[in-house]
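Here is a friendly walk through one protein model, for someone meeting it for the first time. Have a look at the structure, then read on.

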Amino acid sequence: MTEDDWRSAVALRAGEPWYAEGCAAFERTWAGEAARDEVWDAIRPFAYGRWDAAARQHEAEGRAEANRDAASAYYAEGAFEPKATAAALAEVTAPVLVLAGEYDGGPTPARAAELAALFPNAELAVQRGAGHYPWIDDAEAFVRTVAAFLDPDVRTVTTDGVRLAYRVRGAQTAPPVVLVHGRGGDSRDWAEIAERLAATRRVYAVDLRGHGLSDWPGGYSFEAFRDDLRGFITELGLAGTDVVGHSMGGAAAVLLAQEAPGLIGRLVLEETPPFFPLDPPRGPAERPEGRLGFDWPVVPATDALLNDPDPAWRGRFATVAVPTLVVAGGPASQIDQKKLAWMASRIPGARLVTIDAGHLVHAERPAEFLAAPGGFGIG
């Protein structure tokens with residue numbers, strides 16, 4: 001890591017209240033001044049994404065555990081030979097995860113990418129808002145990234161800076177189908193459906209942003225989920241794939257079909273909101289206690305959009321140019337079935353199938369759900 005690396009990392013923290021003092025301390029060390037305790041005290045916040053109580057406690061405990069003799073030898077002459085080390089890393093065949101903090105100066109994300117490139121089978125993950133100790137800055141984000149890497153059934157792809165986790169089943173040569181979950185769900189919601197479809201299809205079940213093991217970056221909207229789906233299909237080279245979307249996932253899918261029909265072969269919309277304002281509108285939702293499998297801000301963000309959706313979304317149903325099946329859940333569903341039927345009537349050539357199962361048709365009546373898409377060409 002060079003002084004330029006550190007300068008670029010330091011500049012990212014210009015909005016912090018401790019920035020001026022810390023930057024001055026760095027300048028003193030870069031000028032060759034021996035670092036005293038007060039200099040190190042001013043520099044330490046740069047190692048963390050948030051200089052809060054947890055970071056201060058971790059830093060204090062780490063200082064007590066530091067081995068100064070080992071630290072002085074870390075970059076000593078002859079500690080390692082770069083060319084030989086790089087050649088040795090190229091022989092490591094195990095999958096490798098290189099996880100970097102967005103604000104870290106040692107290594108910066110760019111240097112971490114160089115490290116990842118030395119391995120034949122490595123992936124890079126950059127944790128947003130984190131410094132040198134990402135598990136301190138956001139333990140849950142760190143766990144999601146590492147858990148996705150360690151789970152042999154989970155893969156990841158990064159699109160527009162957002163890491164998306166997904167699960168795959170079925171023969172690699174089989175025709176693909178992408179399954180997109182509803183709000184608060186994730187790729188595991190499709191387990192039974194995916195298992196059955198995998199007999200004849202290559203099945204991709206994705207976790208949208210803010211859900212499951214994907215990144216939880218904030219800034220949630222139907223357009224953001226649409227862009228996740230667009231990037232997912234594009235990055236994996238799945239243009240022309242069939243897409244099955246439930247509820248919020250269906251909203252993302254139909255918005256994508258409006259804009260980029262070439263990415264979708266056939267479209268199944270299960271209990272997809274038809275983009276009419278809710279009557280009565282939803283009020284503020286109370287977050288349940290305990291850990292959630294999704295980022296709670298998804299709920300108020302999407303509720304606001306359901307209360308007052310962009311009328312252009314439903315106005316463009318007529319532009320959907322891919323074969324479409326609309327699956328309705330009947331009177332037990334919270335979706336207005338008349339408006340759902342209206343949506344189907346507006347999509348050219350769309351078929352409407354009602355399965356009396358409520359909102360979670362694929363979970364409550366999986367056989368009937370698959371039978372409807374099966375005749376349509378998905379199963």
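## Salt bridges and their surroundings

Let's begin with one side chain: Asp336 has 37% relative accessibility, so it counts as partly exposed. Keep in mind that everything here comes from a predicted model. Asp336 has a partner, Lys339, and their side chains meet in a salt bridge with 3.2 Å from N to O. Lys339 counts as partly exposed too, because its relative accessibility is 30%.

Why would such side chains get together? Side chains of opposite charge can pair when their charged atoms come close.

How many salt bridges does the count come to? It comes to 26 salt bridges. Some of them share partners, and in this way Asp41, Arg44, Glu59 and Arg63 are joined into one network. Within that network, Glu59 and Arg63 form a salt bridge whose closest N and O atoms are 2.7 Å apart. Both sit in helix α4, and because they are 4 residues apart there, about one helical turn separates them. Is Glu59 buried or exposed? With a relative accessibility of 10%, Glu59 falls under the 20% cut-off, so it counts as buried. Arg63, at 39%, counts as partly exposed.

Another pair spans more of the chain. Asp215 and Arg163 meet in a salt bridge, 3.3 Å from N to O. This one links distant parts of the chain: Asp215 is in the loop between β6 (202-206) and α11 (222-235), while Arg163 belongs to strand β4 (residues 162-169), and the two are 52 residues apart. Here both Asp215 and Arg163 are buried.

Here are the three pairs side by side.

| Pair | N to O distance |
|---|---|
| Glu59 and Arg63 | 2.7 Å |
| Asp215 and Arg163 | 3.3 Å |
| Lys339 and Asp336 | 3.2 Å |

## The sheet

Strand β4, the home of Arg163, is also part of an open sheet of 8 strands. Reading across that sheet, the order is β3-β4-β6-β5-β7-β8-β9-β10, and the pairing is mixed. Which strands stand at the edges? They are β3 (154-159) and β10 (351-354); each has a single partner strand, so one side of each is left without a neighbour in the sheet. On average, and ignoring direction, neighbouring strands of this sheet are turned by 25° against each other.

Zoom in on the β3 edge and you'll find that β3 and β4 run antiparallel, joined by 6 bridges. If you'd like a spot to look for, Thr156 stands opposite Ala165 in β4.

## The pockets

Now for the open spaces. The largest pocket has a volume of about 1900 Å³. It is lined by 39 residues, and the closest to its centre are Met1, Trp6, Tyr75, Gly106 and His132. Several helices give two or more residues to this lining, among them α2 (19-30), α4 (53-65) and α7 (109-118). So what is the lining made of by class? It has 23 nonpolar, 8 polar and 8 charged residues.

The second largest pocket has a volume of about 530 Å³. Its lining takes in 26 residues, with Arg282, Leu306, Gln334, Ile335 and His359 the closest to the centre. Helices α13 (298-307) and α16 (361-364) each supply at least two residues of that lining. By class, the lining of the second largest pocket has 12 nonpolar, 8 polar and 6 charged residues.

Terms used
Residues numbered from 1 in each chain as written. Predicted model: local features only at pLDDT ≥ 70, side-chain atom pairs only at ≥ 80, totals over all residues. Heavy atoms only, no water. 1 Å grid on protein atoms, 1.4 Å probe; cavity = no way out; pocket = protein on both sides within 12 Å on 5 of 7 lines; lining within 4 Å. Points joined across faces, edges and corners; volume = space filled by probe spheres on them. Nonpolar A, V, L, I, M, F, W, Y, C, P; charged D, E, K, R; others polar. Salt bridge = Lys/Arg side-chain N within 4 Å of Asp/Glu carboxyl O. Buried < 20%, exposed > 50% of the residue type's maximum accessible area, 1.4 Å probe, protein only. Pairing = 2+ DSSP bridges. Axes fitted to C-alpha atoms, helices over the stretch in contact; angles between N-to-C directions.
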